[in-house]
Amino acid sequence: MAKVVTTGRSEVWSAFIAGAARCAPVALGVLAYGLVFGALAQQAGLSFGELAFMSAIVYSGSAQFVALGLWSVPPPVLALALATLLVNFRFFLMAATMGRVLQGWPLLRVLPALAWVTDENWAVTMAAGERRHWGAFFLGTGVVLYATWPTATLIGHALGSVVADPKRWGFDFAFVAVFLTLAVGLARRSRVPTVWIASGASAFLADRFLAGSPLGGSAPVLVGGLAGALVAALRAGHAR
Amino acid sequence: MRAEVLLAFLAMAAVSYGIRVAGFLAGGRMHEHPRLRAALDQLPAAILIALVVPLLARGGIAEWVAAAVVAGLAWFVDLLLVPLAAGVVAVVLLRGLI
């Protein structure tokens, strides 16, 4: 019995390491983005400690950027909470797909793990595909980004306006490359072009026409994700 | 640290976390229905594509050519770092050229 437990442990551990390794290149993009955010937060008048607190507990680049846009002192708490709700509503969809990843986990372990669902490591986890100890793999992806984001924002804060334009080094393109690579990986494994077309086309339209909506940058993800899921549900109906 | 600033961040954190928990619980419910389950299974691909398309639409020729390089490499190489590095190098070079 004891031996079985040890084997299980080392398997879980290696899944965790695999997740961390798979997510490491993504951390470079997050690092660049965090540096820029930290510099902006410093210019907006946030102290080092306040920024550390924000990055550690809000832990969401898009919501934090939007918060800077709305920033004043005293902060408009209700507006900030509402903006966060709208901008981060895409996490609702992402978390909805986490059941398969965290299968068999007790709720008490699931709940803290959900705090680490972000665009990048969620995407890495999904693109890696179903595997043994998928939940541990997810935690590995999460720990890398949770170590990176707050640290990067604090370095950006310390450096202030010294932080150069990320465009110059192509870092802005890193996110495009990451999401595109992961999308191609998923597409290779499960070929459902109708779902991709529905999602891509509606995301494009949402980006064109809903960019000024309160959902902001989150609108294409929500509209595209839901459109793709809707097509998948309709297809399942036809197959029966 | 200013108390009202920390309070604002706490509110943002609570909302952000609450969305994830609500989504997870909703996903569990959806799993019980075959159609919703099919929707849930395709949701990751749909979200990923919806993340990429607007980023690409906002780019120009340099970004599109670099994206083609990334997509081509990603199809054949099962390693994130290769298409990522190639894409970033390509976009820097292409922006310099165009």
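# Exercises on a predicted two-chain model

The contact between the chains draws 77 residues from chain A and 63 residues from chain B. The model is predicted. The predictor assigns the complex an ipTM of 0.88 and a pTM of 0.86. Chain B has an average pLDDT of 92, and 100% of its residues score at least 70.

## Exercise 1. The chain A side of the interface

Find which helix of chain A gives the largest share of the side that touches chain B. Then sort the residues of that side by class.

**Solution.**

Step 1. Start with the totals: 77 residues from chain A, 63 residues from chain B.

Step 2. Helix α10 of chain A, residues 171-189, gives the largest share, with 16 residues.

Step 3. By class, the chain A side holds 54 nonpolar, 17 polar and six charged residues.

## Exercise 2. Helix α8 of chain A and its partner

Determine how many residues of α8(A) are buried. Then describe how α8(A) packs against α10(A).

**Solution.**

Step 1. Helix α8 of chain A spans residues 119-128, and ten of its ten residues are buried. Among them are Asp119(A), Glu120(A), Asn121(A) and Trp122(A).

Step 2. Take the geometry. The axes of α8(A) and α10(A) lie 9 Å apart, at an angle of about 25°. Angles under 35 degrees count as roughly parallel. The two helices, α8(A) and α10(A), are therefore roughly parallel.

Step 3. Add the handedness: α8(A) and α10(A) make a left-handed crossing.

Step 4. List the contact. From α8(A) come Glu120(A), Ala123(A), Val124(A), Met126(A) and Ala127(A); from α10(A) come Val178(A), Phe179(A), Leu182(A), Gly185(A) and Leu186(A). The classes are eight nonpolar, one polar and one charged.

Step 5. Look past the helix end. Gly129(A) follows α8(A) and has a positive phi, near 85°.

## Exercise 3. The α3 and α4 pair in each chain

Describe the crossing of α3 and α4, in chain B and in chain A.

**Solution.**

Step 1. In chain B, take α3 (residues 61-76) and α4 (residues 81-97). Their axes come within 8 Å and cross at roughly 160°. That angle makes α3(B) roughly antiparallel to α4(B). The crossing of α3(B) and α4(B) is right-handed.

Step 2. Residues of α3(B) in this contact include Val65(B), Val69(B) and Leu73(B); those of α4(B) include Ala86(B), Ala90(B) and Leu94(B). By class, the α3(B) contact with α4(B) has 13 nonpolar, one polar and two charged residues.

Step 3. In chain A, take α3 (residues 61-70) and α4 (residues 77-87). Their axes come within 9 Å and cross at roughly 145°. The crossing of α3(A) and α4(A) is right-handed.

Step 4. Ser62(A), Ala63(A), Val66(A), Ala67(A) and Leu70(A) of α3(A) meet Ala79(A), Leu80(A), Ala83(A), Thr84(A) and Val87(A) of α4(A). The classes here are eight nonpolar, two polar and no charged residues.

## Exercise 4. Two helix residues

Place Ser62(A) and Ile47(B), and name the residues that Ser62(A) touches and that Ile47(B) touches.

**Solution.**

Step 1. Ser62(A) sits in helix α3 of chain A. It counts as buried because it has 20 C-beta neighbours inside 10 Å.

Step 2. Leaving out residues up to four places away in sequence, Ser62(A) touches Val87(A), Asn88(A) and Gly217(A). Ser62(A) and Asn88(A) are 26 residues apart along the chain, with C-alpha atoms separated by 7.7 Å.

Step 3. Ile47(B) belongs to helix α2 of chain B, residues 34-57. Ile47(B) is buried, with 30 other C-beta atoms within 10 Å.

Step 4. With residues up to four places away in sequence left out, Ile47(B) touches Leu93(A), Met94(A), Val221(A) and Gly225(A).

Step 5. Set a distance beside this. Ile47(B) and Phe9(B) are 38 residues apart in sequence and 27 Å apart in space, C-alpha to C-alpha.

## Exercise 5. Backbone points in chain A loops

Locate the cis peptide bond. Then place Tyr59(A) and His133(A), and decide whether Tyr59(A) is buried or exposed.

**Solution.**

Step 1. The cis bond joins Val73(A) and Pro74(A), with omega about 0°. Pro74(A) is in the loop between α3 and α4 of chain A.

Step 2. Tyr59(A) lies in the loop between α2 and α3 of chain A. Its phi is positive, near 45°, though Tyr59(A) is not glycine. Tyr59(A) is buried, with 21 other C-beta atoms within 10 Å.

Step 3. His133(A) is in the loop between α8 and α9 of chain A. Its phi is also positive, about 55°. His133(A) counts as partly exposed, with 18 C-beta neighbours inside 10 Å.

Notes
Residues numbered from 1 in each chain as written. Chains lettered and ligands numbered in written order. Predicted model: local features only at pLDDT ≥ 70, side-chain atom pairs only at ≥ 80, totals over all residues. Contact = placed C-beta atoms within 7 Å. Helix = DSSP H or I, 4+ residues; strand = E, 2+ residues; numbered from the N terminus. Nonpolar A, V, L, I, M, F, W, Y, C, P; charged D, E, K, R; others polar. pLDDT = per-residue confidence, 0-100. Buried ≥ 20, exposed ≤ 12 C-beta atoms within 10 Å, placed from the backbone. Axes fitted to C-alpha atoms, helices over the stretch in contact; angles between N-to-C directions. Parallel < 35°, antiparallel > 145°, perpendicular 65-115°, else oblique. Left-handed = near helix turned anticlockwise from the far one by under 90°.
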